[in-house]
Amino acid sequence: MYTPKFNQVSDRAVLLEAMRTYSFAILFGPAPALRATHLPLLVKDDGEHGTLLGHFARANSHWSELAGREALVVFPGPHSYVSPSLYTEPLSVPTWNYIAIHAYGTLSLIEEESAKTELVEGLIHVHDPAYLDRWRTMPEGYRRSMLAGIMGFRIPISRIEGKFKLSQNRNAEERRNVLAAQAADGDHQRELARWMERLMGG
């Protein structure tokens, strides 16, 4: 990923937090044809850069093509158009601010029913904790049939790239203008404004 030095974020805690916040990711990897799969992931604070866990539908053959091979997982964060009208320099052009994280690692399969149960319950706990008791009290045969329809995986992150393009290359007045405009706009813009305030002090 092309990342100018002023847009690079390497703080492990910040990257893990951002991946958890924007955890619906896109998984790419070598295959007979270029393919991508969109998946919700669990982000664990394990290993040097963290570990990713998720599952494919078993009918999606992408899992068999990626098993034991390096994968790229892209976490797209919030993004927003930035108007040059917010800049004090008249010779300025439009741009786009955004957050993106690229994580690389070798994918291994999770096939054991108990491990897939733990994975599924981990995802439920993150996204719908009130449903967890209901899931656990469903008939065992139903739960086992649901688990049989998925293929779990684990990716220990071996390399990670964080790009937080937040107008870091603009002067203080221009950054304040961008921050104010984004804080007053939609969900993506307000998210970017919060990251600007946190990482750059506004």
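## Helices α1 and α7

Helix α1 (residues 12-21) packs with helix α7 (residues 187-200) at an angle of about 170°. Their axes lie 14 Å apart. That angle makes α1 roughly antiparallel to α7, because angles over 145 degrees fall in that class. The model described here is predicted.

Which residues of α1 and α7 meet? On the α1 side they are Val14, Glu17, Ala18 and Thr21. On the α7 side they are Glu191, Trp195, Arg198 and Leu199.

## Overall build

The protein has 202 residues, of which 45% count as buried. Its secondary structure comprises seven helices and nine strands. Along the principal axes, the C-alpha atoms occupy a box of roughly 65 × 40 × 30 Å.

Sequence-distant contacts feature in the fold. Take the contacts between residues at least 6 apart in sequence: 74% of them join residues at least 24 apart.

## Surface and charge

The protein exposes about 10,700 Å². Carbon and sulfur atoms supply 54% of that area.

The charge count is 22 positive and 23 negative. How far apart are the mean positions of the positive and negative charges? They are 2 Å apart.

## Helices α3 and α5

Helix α3 spans residues 113-127, and helix α5 spans residues 140-148. Their axes come within 10 Å and cross at roughly 90°. The two helices are therefore roughly perpendicular to each other. The residues that meet are Glu113, Lys116, Thr117 and Val120 from α3, with Arg144, Leu147 and Ala148 from α5.

## Two buried residues of α3

Lysine 116 sits in α3. Is lysine 116 buried or exposed? Its relative accessibility is 4%, so lysine 116 counts as buried; the cut-off for buried is under 20%. Beyond residues up to four places away in sequence, lysine 116 touches Arg58, Ile110, Glu111, Leu147, Ala148, Ile150 and Gly152. Two of these partners, Leu147 and Ala148, belong to the α5 side of the helix pair. Lysine 116 and leucine 147 are 31 residues apart in sequence. In space, their C-alpha atoms are 6.8 Å apart.

Leucine 119 is also in α3. Its relative accessibility is 4%, and leucine 119 counts as buried. What does leucine 119 contact, leaving aside neighbours within four places in sequence? The partners are Leu42, Leu53, Gly54, His55, Gly152 and Phe153. Gly152 is thus listed for leucine 119, and Gly152 is listed for lysine 116 too. Alanine 183 lies 64 residues from leucine 119 in sequence, with 36 Å between the C-alpha atoms.

## Arginine 143 in α5

Arginine 143 is found in helix α5. Setting aside residues up to four places away in sequence, arginine 143 touches Trp135, Arg136 and Met138. Serine 10 is 133 residues away in sequence. The C-alpha atoms of arginine 143 and serine 10 are 40 Å apart.

## The β9 to α6 region

Serine 167 lies in the loop between β9 (159-165) and α6 (172-183). Serine 167 is not a glycine, yet its phi is positive, at about 65°. With a relative accessible area of 3%, serine 167 is buried.

Glutamate 174 follows in helix α6. Is glutamate 174 buried or exposed? At 2% relative accessibility, glutamate 174 counts as buried. Outside residues up to four places away in sequence, its contacts are Leu86, Tyr87, Thr88 and Glu89.

## Threonine 95 in β6

Threonine 95 is found in strand β6, which covers residues 95-106. Its relative accessible area is 25%, so threonine 95 is partly exposed. That value is above the 20% limit for buried and below the 50% limit for exposed.

Which residues does threonine 95 touch, not counting those up to four places away in sequence? They are Ser80, Tyr81, Val82, Tyr87 and Lys165. Tyr87 is also a contact of glutamate 174, and Lys165 falls within the range given for β9 (159-165). Glutamate 48 is 47 residues from threonine 95 in sequence. The C-alpha atoms of threonine 95 and glutamate 48 are 34 Å apart.

Conventions:
Residues are numbered from 1 along each chain as its sequence is written. This is a predicted model: local features need pLDDT of at least 70, side-chain atom pairs count only at pLDDT 80 or more; totals for chains, interfaces and linings use all residues. Side-chain values use heavy atoms; hydrogens and water are left out. Helices (H or I, at least four residues) and strands (E, at least two) are DSSP runs, numbered from the N terminus. Buried means under 20% relative accessible area, exposed over 50%, partly exposed in between (1.4 Å probe, protein chains only). Contact means heavy atoms within 4.5 Å. Accessible areas come from the Shrake-Rupley method with a 1.4 Å probe; for residues, only the protein chains shown count as cover. Lys and Arg count as positive and Asp and Glu as negative; His and the chain ends are not counted. The place of a charge is taken as NZ of Lys, CZ of Arg, CG of Asp or CD of Glu. Axes are lines fitted to C-alpha atoms, for helices over the stretch in contact, and angles run from 0 to 180 degrees between N-to-C directions. Angles under 35 degrees count as roughly parallel, over 145 as roughly antiparallel, 65 to 115 as roughly perpendicular and the rest as oblique.
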